[in-house]
Amino acid sequence: PSNHDLVARAELQRRLVEEVLALPEPYRETLLERWFEERTPDAIARRLGVSASTVRTRLARGHALLRERLERCEGRNWLPALVALG
């Protein structure tokens, strides 16, 4: 990748981290556990003392909130960028 591509990717990652940190609980904690600590939903459930279905619900709602925040602030479709970061 070119220098421009690397900078753009780093900026996207920075923005994404800022928005995850701005999410309300319990979504922030759940997304951080899943994507930054790379824990499975079952591992997160054990760690937090909740059911795995609760974790999956929190992940789905947290992703939806994150997508709404990013699109509202940036006015763009973030899905391709989020998939690329995967």
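**A buried threonine and a nonpolar patch**

Thr 30 counts as buried, because its relative accessibility is 0%, where buried means under 20% relative accessible area, exposed over 50% and partly exposed in between, judged with a 1.4 Å probe and protein chains only. The model is a predicted one, in which local features need pLDDT of at least 70 and side-chain atom pairs count only at pLDDT 80 or more, while totals for chains, interfaces and linings use all residues. Residues are numbered from 1 along each chain as its sequence is written, and side-chain values use heavy atoms, with hydrogens and water left out.

Thr 30 belongs to helix H2; helices are DSSP runs of H or I with at least four residues, numbered from the N terminus. When neighbours within four places in sequence are set aside, Thr 30 is in contact with Ile 44, Leu 48, Val 55, Arg 58 and Leu 59, contact being heavy atoms within 4.5 Å.

Within H2, which covers residues 27–36, the residues Tyr 27, Thr 30, Leu 31 and Glu 33 are buried. They lie on the same side of H2, because they cover an arc of only 160° around the axis, an arc taken from the directions from the helix axis to the C-beta atoms. After H2 comes Glu 38, which has a positive phi, near 60°.

What, then, is found on the surface? A nonpolar patch there is formed by Val 17, Leu 21, Trp 35 and Phe 36, which together have about 370 Å² of accessible area, a value from the Shrake-Rupley method with a 1.4 Å probe, for which only the protein chains shown count as cover for residues. Such patches are made of residues with over 30% relative accessible area and no salt bridge, with nonpolar side chains (Val, Leu, Ile, Met, Phe, Trp, Tyr) joined within 5 Å and like charges within 9 Å; a salt bridge is a side-chain nitrogen of Lys or Arg within 4 Å of a carboxyl oxygen of Asp or Glu. Helix H1 (3–22) and H2 each supply at least two residues of this patch.
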